[in-house]
Amino acid sequence: MKKAVHFGAGNIGRGFIGVLLHQAGYEVVFADVVDALVDEMNAAKSYRVHTLDEVVQTEQVDNIRAVRLDSPNCIQEMVDADLITTAVGVGNLPNVGQIIAEALKLRRDGQPHRALNIMACENAIRATSTLKQEILRHVDADLADWVEQEVGFADVAVDRIAPNRAGYATEPLDAVVERFFEWDIEEPALKGALVIPGATFVAQLDPYLARKLYMLNGAHATAAYAGYQKGCETVLAAMQDSEIAALVAEVQHEAMMGLLHRYPQFEQPALEAYAERVRERFLNPHIHDDVARVGRDPLRKLSAQDRLVGPLLLAKAAGAATEGLASAIALGLAYDNAADAAAVQLQQDIAEQGVTATITRVTGLTGETIVQEIAQMYEKYASA
Ligand SMILES: NC(=O)C1=CN([C@@H]2O[C@H](COP(=O)(O)OP(=O)(O)OC[C@H]3O[C@@H](n4cnc5c(N)ncnc54)[C@H](O)[C@@H]3O)[C@@H](O)[C@H]2O)C=CC1
Ligand SMILES: O=P(O)(O)OC[C@H]1O[C@](O)(CO)[C@@H](O)[C@@H]1O
C-alpha cells in the first residue's frame, strides 16, 4: 500500500486532500501542530466527511493515523512515504520545509531511489515551489543535487469549499465540504507515476491557478469583505444582496478580461460559464460559510500576487476596467474585524501610517492614480 504524509489536518486536509488520497488507495498519515487533534485521530483511526447538498452524503476515511509536527515520528513517517502534501496555510510552509528537509537527509541515505512527490495544496501562486525553496534552505549542495534528481515538486491548484464545521458536525473529527472539487496537478514536475482518481493532470498549471485564485478566491474575498461591511454573517447572505452579487460578478469579469489577455488559450464563453458556476457555488443554500473564514488574513489576501491585486494588475495590463477590483481592495482595507489578528494589524497600520502609505506597502501598487482611487473608496467604506 502506498503511503502519504499530509501536513495540516484541518478543513481542507481532512475534507479534500485526505479523502481523495484515501480513495486513491493511500494510507494517510496526518501531521499537525495541535496535540488534541493528533490524539483524537490516533484514538479514532478514522473520520467522516459530510458532503453538504440537498442530500447529505457521508464518507468514512479509515486507516489513518497522526503525528505531531515536531516529533521524531513525523520525520520517520516521511522516510518511506510515496507522497507528501500540505494544507497548513502558506505562512506555515517554512516550518514544514525544515522538517521535510530532515526527512530527506535520512531518505537519501536509506531509500535514495524510491519515487517521492511533494505538493503544497495552499491558496497561493506556486506554493509547492515556495515549499521547495524552504526545504532547500536546510540542505547542503550534495543533498540539493539529490533532491533535484529524486524528488518531484508539483505545483497544484486546489478548489473545494470546506467551511467550518459548526452546526453540521457531531463527531470531533467530522469534516464538511461542498460536492464540487478540482485538483489540478502540474504533471511534468512529477517523479514516477502518480495516480489520484478525480485529480486533473495538466501540462502547464499557471492558467488554471490564476483562474482559480482570481475568479474564485478573489470573488469569494469580495463577497466576504462586502458582506462584512453590510453586517452579513455568511457568504450566502452576502450573495443574496443584489449590490454585492453585482460587485462579485464585476470583479470576476475584470479578472476574466485580464486572464484572456494573459492566457490566450482561454475562451470567453468558457470563462463566463466558470464564473457563473462559481457564483452558484457561493449561493449553495446548504453551506453556512462565515465571511470571517473567507475574509481571514486580509494582509495576505491584499498582497501583491494574491487574489485581488493579482487580477487587478492583469486587467490593467489588458487595458480593461478595474473599478470592481479596486472596490474589493478598498473593502478589504476596511475589514476591521477585531477577531482577526491580520485585520487588527492592518487597521493599526492605516491609523499610524495613513491609508495611502498602507496601500502601497501592503499591495505593492505604486501607480498614483490607482492608489488614490482605492484610498478614496476606502474612505467612503470606512466612514459608512
Ligand atoms: N478550506 C478551504 O475551503 C480551502 C483551503 N485551502 C487552503 O488550504 C490551507 C489550509 O486551509 P484550511 O484547511 O481551511 O485551514 P484550517 O485552519 O482548517 O487547517 C489548517 C491546519 O493546519 C495545521 N497547521 C498549522 N501549521 C502547521 C504546521 N506547521 N504543520 C502542520 N500542521 C499545521 C492547523 O493546526 C490546522 O489543523 C490554506 O492554505 C487554505 O488557503 C485551499 C482550498 C480550499
Ligand atoms: O484559505 P484562504 O486563502 O484564507 O481563503 C479562503 C478561501 O479559500 C477557500 O477556502 C478555498 O479555496 C475558499 O473557500 C475561500 O475563498
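This briefing covers the two domains, the ligand 2 shell and one helix pair. The model is predicted, with local features needing pLDDT of at least 70, side-chain atom pairs counting only at pLDDT 80 or more, and totals for chains, interfaces and linings using all residues. Residues are numbered from 1 along each chain as its sequence is written, while chains are lettered from A and ligands numbered from 1 in the order in which they are written.

**Domains**
- The chain is divided into domain 1 (3-203) and domain 2 (207-382), with bounds from an automatic or database domain assignment.
- Their centres, taken over C-alpha atoms, are separated by 28 Å, and the contact (C-beta atoms, placed from the backbone, within 7 Å) takes 15 residues from domain 1 and 15 residues from domain 2.

**Ligand 2**
- Ligand 2 is surrounded by Asn 123, Asp 159, Ile 161, Asn 217, His 220, Val 294, Arg 296 and Asp 297, where near means a C-beta atom, placed from the backbone, within 6 Å.
- Because domain 1 and domain 2 both give residues to this shell, ligand 2 lies between them.

**Helices α4 and α5**
- Helix α4 (residues 93-110) and helix α5 (residues 127-136), which are DSSP runs (H or I, at least four residues) numbered from the N terminus, pack at an angle of about 60 degrees with their axes 8 Å apart; axes are lines fitted to C-alpha atoms over the stretch in contact, and angles run from 0 to 180 degrees between N-to-C directions.
- The two helices α4 and α5 are therefore oblique to each other, a class left after under 35 degrees (roughly parallel), over 145 (roughly antiparallel) and 65 to 115 (roughly perpendicular).
- Residues making this contact include Leu 93, Ile 100 and Leu 104 of α4 and Leu 131 and Ile 135 of α5.

Note on methods:
Contact = placed C-beta atoms within 7 Å.
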